[in-house]
Amino acid sequence: MQLIDEAVQQGARRAQACEQLGVSVRSVQRWRETPEDGRTQAIRDAPPNKLDEAERQAVLEAANRPGYASLTPHQIVPKLADEGVYLASESTFYRILKAAGQGGSGAAVRRPHNGERSRRTVPEARTRCGAGTSRGCPPRSGDGTSTGT
């Protein structure tokens, strides 16, 4: 603000001074009207539906139960619902497990990231003629048997 005021006092136009500083003229006008921070994001309260620590712990315990530990939240939530239990949404399960360092599921799953390729092996191609013989298969005859070799 002080730099803009000095530039204007020395004869520069306010718009040009603001442009040189990379600030819009409208922002300077707002700052003059309300000098304190009027952003609503600056004073955001916790949402009313935020889970407390006991509820978060219940989600972790449910995800790590025997029979559930190897499942993803996508599988856990419906399974719990079949038992008549609702602890949290699927996305909340993922968020809580990630915060607990469990990577989004109870299972220790390592997914490739940052351009890293998967180390999975590709199974052999299987065709009606047998494994690895995708080319040169003879056409089928009308009775379901192959003609040729």
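## Buried and exposed: the terms used here

A residue is called buried when its relative accessible area is under 20%, exposed when that area is over 50%, and partly exposed in between. With these words in hand, the predicted model can be described helix by helix.

## The chain as a whole

The protein chain contains 6 helices and 2 strands, and along the sequence these elements follow the pattern α-α-α-α-α-α-β-β, so that the reader meets the helices before the strands. Of the 149 residues of the chain, 15% count as buried. When contacts between residues at least 6 apart in sequence are considered, 33% of them join residues at least 24 apart.

## Helix 6 and its two faces

Helix 6 spans residues 90–99, and within this helix Thr 92, Phe 93, Ile 96 and Leu 97 are buried. Seen down the helix axis, these buried residues fall within an arc of 130°, and they therefore line one face of helix 6. The face turned away from that buried side carries the exposed residues Arg 95, Lys 98 and Ala 99.

Which helices help to cover the buried residues of helix 6? The covering parts include helix 4, residues 53–63, and helix 5, residues 73–82. After helix 6 comes Gly 101, a residue whose phi is positive, near 80°.

## Helix 4 and its two faces

Helix 4 has buried residues of its own, namely Val 59, Leu 60, Ala 62 and Ala 63. Around the axis they cover an arc of only 165°, which puts them on the same side of helix 4. On the face turned away from this buried side, helix 4 carries the exposed residues Glu 53, Ala 54 and Glu 61, while the buried residues pack against helix 5 and helix 6.

## Where helix 4 meets helix 6

The axes of helix 4 and helix 6 are 10 Å apart, and the two helices pack at an angle of about 90°. Angles of 65 to 115 degrees count as roughly perpendicular, and helix 4 is therefore roughly perpendicular to helix 6. On the helix 4 side of the contact are Arg 56, Val 59, Leu 60 and Ala 63, and they meet Phe 93, Ile 96, Leu 97 and Ala 99 of helix 6. Sorted by class, the residues of this contact comprise 7 nonpolar, no polar and 1 charged.

Some residues in this contact have already appeared above: Val 59, Leu 60 and Ala 63 are among the buried residues of helix 4, and Phe 93, Ile 96 and Leu 97 are among those of helix 6. Ala 99, by contrast, is listed with the exposed residues on the face of helix 6 turned away from its buried side.

## Tyr 68, between helix 4 and helix 5

Tyr 68 is found in the loop between helix 4 and helix 5. Is Tyr 68 buried or exposed? Its relative accessibility is 5%, and Tyr 68 therefore counts as buried. Leaving aside residues up to four places away in sequence, Tyr 68 touches Ala 62, Ala 63, Ile 76, Lys 79, Leu 80 and Glu 83. Among these partners, Ala 62 and Ala 63 are buried residues of helix 4. Leu 80 lies 12 residues from Tyr 68 along the chain, and the C-alpha atoms of the two are separated by 9.6 Å.

## Where helix 2 meets helix 3

Helix 2, residues 14–21, packs against helix 3 at an angle of about 100°, with their axes 9 Å apart. That angle makes helix 2 roughly perpendicular to helix 3. In this contact Arg 14, Ala 15 and Cys 18 of helix 2 meet Val 25, Val 28 and Arg 32 of helix 3, and by class the residues are 4 nonpolar, no polar and 2 charged.

## Two salt bridges

How many salt bridges does a search of the whole structure find? The search finds 2. In one of them Arg 32 pairs with Asp 5, with the closest N and O atoms 2.4 Å apart. Arg 32 lies in helix 3, residues 25–33, and Asp 5 lies in helix 1, residues 2–9, so this pair ties together parts that are 27 residues apart in sequence. Both are partly exposed, for the relative accessible area is 39% in Arg 32 and 28% in Asp 5.

The side chains of Arg 26 and Glu 33 also meet in a salt bridge, at 3.9 Å from N to O. Arg 26 counts as partly exposed at 41% relative accessibility, whereas Glu 33 is exposed, with a relative accessible area of 57%.

Conventions
Residues are numbered from 1 along each chain as its sequence is written. This is a predicted model: local features need pLDDT of at least 70, side-chain atom pairs count only at pLDDT 80 or more; totals for chains, interfaces and linings use all residues. Side-chain values use heavy atoms; hydrogens and water are left out. Buried means under 20% relative accessible area, exposed over 50%, partly exposed in between (1.4 Å probe, protein chains only). Helices (H or I, at least four residues) and strands (E, at least two) are DSSP runs, numbered from the N terminus. The arc is that of the directions from the helix axis to the C-beta atoms. Contact means heavy atoms within 4.5 Å. Axes are lines fitted to C-alpha atoms, for helices over the stretch in contact, and angles run from 0 to 180 degrees between N-to-C directions. Angles under 35 degrees count as roughly parallel, over 145 as roughly antiparallel, 65 to 115 as roughly perpendicular and the rest as oblique. Ala, Val, Leu, Ile, Met, Phe, Trp, Tyr, Cys and Pro count as nonpolar, Asp, Glu, Lys and Arg as charged, and the others, Gly among them, as polar. A salt bridge is a side-chain nitrogen of Lys or Arg within 4 Å of a carboxyl oxygen of Asp or Glu.
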